[in-house]
Amino acid sequence: MDVPDANDDSFGIEVILSDGGKTAPCCPHGPTLLFEKVSKGGEKGRSFYACSACRDRKDCHFFQWEDDKVSEARLLAREAENQSKRPPLTQQERVKRFKRLGSLRLDEKKFCQDCQMLLLPAEHEAHSSHRSVGVSSAQLRRPSVLLRPLLNKKSNAQYLFTDRSAHFLLNSLAGLGYNKVLCVGTPRLQELITLRNLEGKHEPMKSLLLDIDFRYAQFYSQDEFCHYNMFNHHFFDGMASSAVLQAFLTESEGGKLVMVADPPFGGLVKPLANSFSLLSQTWRKLQSSDGSGADMPMMWIFPYFFEPRILECLPSLTMLDYQVDYDNHPLYKHGKTGRKQSPVRIFTNISPKDIGLPKDEGYRFCSVCQRFVLSLNKHCAKCNVCPSKDGREWKHCSRCEKCVKPSWRHCAPCGRCALPDHPCGLSEGTEGCFNCGSLKHKRKACSVQDSQRTRSNRPNAKSGSKNVSHCPNQKPKVKRKSGAARRAKKLATQSVTSAE
């Protein structure tokens, strides 16, 4: 998502989650999210609405200042554009089409590779100039192999589990007694569950796929797929899909449900955590009339370096050492060593000691931590934890009083461990707090941030917008420097000044 004045290094962008009092405008991907520019010293920036699913305005150009008064003509034009980008078939039409496709002879089933859709016999002629191929029953059960993956990293990039990772997830869940799996953005797991049921060798499992890629609707029945945006908890087919979800979440006697989510790695953690919490709340209310009780069991698959943000939003989750890998990702592969290992992990509220990791892949059980870890993740007696996050063996720094990455060295001027070529002289945390300017804490730990971010008694945002451009698209894009480069430049300026 492009944001106004993105070349200014003195601000951050904060997502403001709705408290239900104000309806957000909609783009083709459902209700938009509200963002706010956070300036240093606590100065309020102007708030704006932008797409929840796309981070680049080229993919979804929706932009609206929060305090804008939108004309009726603009609202009608926006609604017409949203309708034009909806899937070509309604849910009822997709259900009818699915039933007709299921009754066709094998030689009548064709798939158009150009249009990425299954064809009915009456449609063969219209697609005669396209690349169409016959499809077997086995291919119809693996739509993630048949469909072309979406690879836009700033919106809907689809990286698909390898069979190794998908089988590990499925076997682990079955071993824990789960027989209903809510698959959020995990089409390959959905497929393996279907194949497992067809084998007839195990207890049957039920699954429901929630995914923003509507192409999967042509391969599943109404009770197996819902068109869903996990960044704003939006069901594109409205109440019909919500009813399907509620029916699935309702656990019958002997039923045991778990959610497995694999969001795009570029997605914002805060909206994702909010959507997963809403799914958990719906499940909890269906289990008891007052909505009390434990949270819905879940597995959130995401890179390990997002751990602080994830735990800030969902503190009940724990990160496992298991490395998840993907078929169509150039880097996230199993078997690599050092820094080339896959950084993707599983965050879960299921007890880590109950999830066994395969010993033949180099995992072992730590009796002190009561969880499975990688063999190189040695237990540190001083920290009393197996500290490694990236699969390498970390080392303990007595001066920092914690374990750090093997490539880091202790820097006396900075008073901390860092890479050998880091910009020296700038200790960790000198950027301080954006809200109050204090150097003793960061913005997220600031005691005054809640009062500034409350939407219910928030003053008109227009008052703080004098220094913000109203025409963000007219400014040329400037590539933002990295944090290390900005700190080095600031340090060089300070050195020149002191020399004078």
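Which side chain meets that of Glu361 in a salt bridge? Here are some notes on this predicted model, with that pair taken up in the opening point.

1. **Glu361 and Arg164.** The answer is Arg164: its side chain and that of Glu361 meet in a salt bridge, with 2.8 Å from N to O. Glu361 sits in the loop between strand S17 (344-348) and strand S18 (363-366), while Arg164 belongs to helix H5 (residues 163-175), so the pair ties together parts that are 197 residues apart in sequence. The two ends are not equally covered: Glu361 has 26% relative accessibility and therefore counts as partly exposed, whereas Arg164, at 18%, is buried because the cut-off for that word is under 20%. If you want the wider setting, a search of the whole structure finds 21 salt bridges.

2. **Asp327 and Arg188.** Another of these bridges joins Asp327 to Arg188, and their closest N and O atoms are 2.6 Å apart. Asp327 is found in the loop between strand S16 (318-319) and S17, and Arg188 in helix H6 (residues 187-199), so this pair ties together parts that are 139 residues apart in sequence. Asp327 is partly exposed, with a relative accessibility of 41%. Arg188, on the other hand, is buried, with a relative accessible area of 5%.

3. **Asp321 and Arg371.** Have a look at this salt bridge too: the closest N and O atoms of Asp321 and Arg371 are 3.3 Å apart. The pair links distant parts of the chain, with Asp321 in the loop between S16 and S17 and Arg371 in strand S19 (residues 371-374), 50 residues apart. Here Asp321 counts as buried at 4% relative accessibility, and Arg371 is buried with a relative accessible area of 13%.

4. **A shared network.** Arg46, Asp67 and Asp68 are joined into one network by salt bridges that share partners.

5. **Asp211, a buried acid without a bridge.** Asp211 belongs to strand S11 (residues 206-211). Its side chain is a nice one to inspect: Asp211 is buried yet has no salt bridge, and the nearest side chain of opposite charge, that of Arg215, is 7.8 Å away. That lies outside the bridge cut-off, because a salt bridge needs the nitrogen and the carboxyl oxygen within 4 Å. What the Asp211 side chain does reach is the backbone nitrogen of Asp213, at 2.9 Å. Beyond its neighbours within four places in sequence, Asp211 is in contact with several residues, including Gln158, Thr186, Cys226, His227 and Tyr228.

6. **Aromatic pairs.** A search of the whole structure finds 16 aromatic pairs. One of them is Phe35 with Phe48, a stacked pair that is 5.7 Å centre to centre with 20° between the planes. This pair links distant parts of the chain: Phe35 is in strand S4 (residues 33-39) and Phe48 in strand S5 (residues 44-50), 13 residues apart. Both Phe35 and Phe48 are buried.

7. **Phe305, Phe306 and their cluster.** Phe305 and Phe306 form a tilted pair, 5.4 Å centre to centre and with 45° between the planes. Phe305 counts as partly exposed at 48% relative accessibility, but Phe306 is buried, with a relative accessible area of 12%. Both rings belong to a cluster linked by ring pairs, whose members also include Phe161, Phe265, Trp300 and Tyr326.

8. **Lysines over rings.** The charged end of Lys180 sits over the ring of Phe248, 4.9 Å from the ring's centre. Likewise, the charged end of Lys256 sits over the ring of Tyr178, 4.7 Å from its centre.

Note on methods
Residues numbered from 1 in each chain as written. Predicted model: local features only at pLDDT ≥ 70, side-chain atom pairs only at ≥ 80, totals over all residues. Heavy atoms only, no water. Phe/Tyr/Trp six-rings, centres within 6.5 Å; stacked < 30°, edge-to-face > 60°. Helix = DSSP H or I, 4+ residues; strand = E, 2+ residues; numbered from the N terminus. Buried < 20%, exposed > 50% of the residue type's maximum accessible area, 1.4 Å probe, protein only. Lys NZ or Arg CZ within 6 Å of the ring centre and 35° of its normal. Lys, Arg positive; Asp, Glu negative; His and termini not counted. Polar contact = N/O pair within 3.5 Å; in protein donor to acceptor, adjacent residues only side chain to side chain. Contact = heavy atoms within 4.5 Å.
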